[in-house]
Amino acid sequence: MKKNTVYTLGSLIILLICAFCFVVLPAFEGRASRQQSGDTPVFGKYNGKEIKYEQGSDFADYVSQYGQMYQMYGQQLDQSAYYQIFSQAFNATVMKYAYSEAVEKTGYEVPASAVTREMIPYFSDENGNYSSKLYKSASDEAKLEIKNALSSRMFANRFYNDNFGSSTEVFNLDALYGLKSSESEKAFFAAANKNMRGFDVAVYSLSDYPLEEKLKFARQNEAKFNSYDLYLITVEDKSTAETVAKRLANNEITFEDAVTEYSQNNYSNTEGKLTNTYQYQIENILENKEDLASITSLAKDAVSGIIQTTSGFSIFKCANDVTKPDFDSESTQRIVSSYISNYESSIIEDYFTAKANDFIKEAKTSDFAAAGEKSGAKVSSIEPFPLNYGNVNVLGEFNAGDSGLTSAESNENFMSKAFSLKLNEISEPIVVGNNIVVLKFTKESSPEDDEINSTLFASYDEDAANEAIMGSDKLTNDFINVYFQNFLR
């Protein structure tokens with residue numbers, strides 16, 4: 001079931017467009033009955049027109065229709081289903097108001113004969129034939145209510161059909177209404193779908209970067225992982241920092257009291273203690289990296305001068321001697337891993353790129369899979385797909401299979417390199433998400449059925465209209481707040 005869509009009303013099958021009934025939504029009977037007359041909650045407004053859950057309203061009718069449809073498909077009407085029913089009904093109401101407003105500007109009126117034709121199914125016998133007996137037995141009030149409801153639906157439907165087409169009205173096998181797709185357009189997409197390529201792929205996950213390589217880097221850059229026991233005062237402007245520094249120098253105030261009186265505690269707890277204590281973390285808060293030495297060289301109990309930080313101006317005090325890293329400690333190893341992933345990811349890419357280049361040399365002279373196994377790559381195959389950036393569903397789609405290359409279809413470099421290869425050619429290393437990838441173009445094919453489903457084009461237009469209207473300044477959307485306040489208490 002497609003959400004946020006209104007005029008698939010033919011598929012909603014309005015059995016009786018009369019009253020909304022709480023039989024469909026029994027869980028709301030008690031709550032709804034507590035709403036006093038004139039106090040019905042307003043879920044939103046479209047161009048000033050209120051959307052209320054009350055008998056006879058468009059919103060209530062849609063709630064009933066979607067509720068019946070959920071039941072018809074055998075879905076359990078639990079709290080989650082009720083929310084979806086109300087949400088879809090709200091969106092349907094907004095779309096109807098927007099479409100009706102657009103039609104009103106044209107001066108269009110629904111022909112009485114068209115409404116009469118639409119009423120026939122409501123008075124048909126078990127064989128689908130119109131029954132005058134059923135029509136005569138219905139009250140004038142019921143017939144008028146059905147007529148008005150159908151007329152209202154058809155009025156808004158005029159906009160939908162004219163722009164997005166009708167699946168029920170055809171002329172020479174083409175939709176009578178809606179935007180059309182030219183034969184040239186269909187031929188273009190059919191051609192785009194024919195050049196499908198399949199690949200063998202070798203994947204190196206950056207997450208597999210060995211611990212020994214991480215520690216090798218850490219030992220070569222040991223100072224980055226020194227831990228400092230520091231306190232600091234941080235203020236917004238330099239003049240205030242100068243005042244604090246002067247008072248500290250003249251022993252007019254203790255460092256601890258200055259923290260309480262002046263510090264904004266941007267990098268510290270309420271006592272002024274630095275929270276991120278590793279050298280690389282300290283360096284990251286400095287506006288001028290060359291100021292690092294004036295902090296790391298502080299003796300115990302010594303106070304620094306004024307140092308500009310990314311959030312203002314700071315004064316540091318050393319509480320204890322520096323703690324050197326213990327690279328045999330699991331906690332330190334986790335710090336090193338985090339640092340390298342966040343700040344030195346290029347060395348991981350370089351490591352696996354080098355392995356990939358060695359693999360390529362091996363694969364060109366031997367077997368692709370065997371070379372992958374030898375170098376520690378995960379080797380798999382990707383089924384043929386066309387050049388379809390973003391997996392637009394009017395064309396064949398990229399399927400990662402068990403390669404792990406999620407989102408590769410939205411990686412421009414991956415797509416460009418894949419479709420630039422010659423048959424049986426091996427690519428250079430490609431960065432795809434958290435992986436280094438090598439491709440081998442192994443086969444090309446065309447789909448067995450090259451027919452393009454042009455109805456999908458109309459669905460894009462419809463989705464765009466839904467998004468535009470639901471994001472319009474004309475809409476006041478209080479649905480979530482009103483729903484949870486009134487139906488989940």
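Is Lys443 buried, partly exposed or exposed? Lys443 has 38% relative accessibility, so it counts as partly exposed (buried is under 20% relative accessible area, exposed over 50%, partly exposed in between, with a 1.4 Å probe and protein chains only).

A quick word on the model: it is predicted, with local features needing pLDDT of at least 70 and side-chain atom pairs counting only at pLDDT 80 or more, while totals for chains, interfaces and linings use all residues. Residues are numbered from 1 along each chain as its sequence is written, and side-chain values use heavy atoms, leaving out hydrogens and water.

Now for the salt bridges (a side-chain nitrogen of Lys or Arg within 4 Å of a carboxyl oxygen of Asp or Glu). The whole structure has 13 of them, and here are some.

| Pair | N to O distance |
|---|---|
| Lys273 and Asp229 | 2.5 Å |
| Glu252 and Arg247 | 3.7 Å |
| Glu383 and Lys443 | 3.9 Å |

Lys443's partner, Glu383, is exposed at 51% relative accessible area. Glu383 sits in strand β9 (residues 378-385) and Lys443 in strand β11 (residues 435-445), so their bridge ties together parts 60 residues apart in sequence (strands are DSSP runs of E, at least two residues, numbered from the N terminus).

Over at the Lys273 pair, Asp229 is buried, at 18% relative accessible area, whereas Lys273 is partly exposed at 28%. These two residues are 44 apart in the chain.

Arg247 and Glu252 also belong to a salt-bridge network with Glu261. Both are partly exposed: Glu252 has a relative accessible area of 49%, and Arg247 has 22%.

Note on methods: Helix = DSSP H or I, 4+ residues; strand = E, 2+ residues; numbered from the N terminus.
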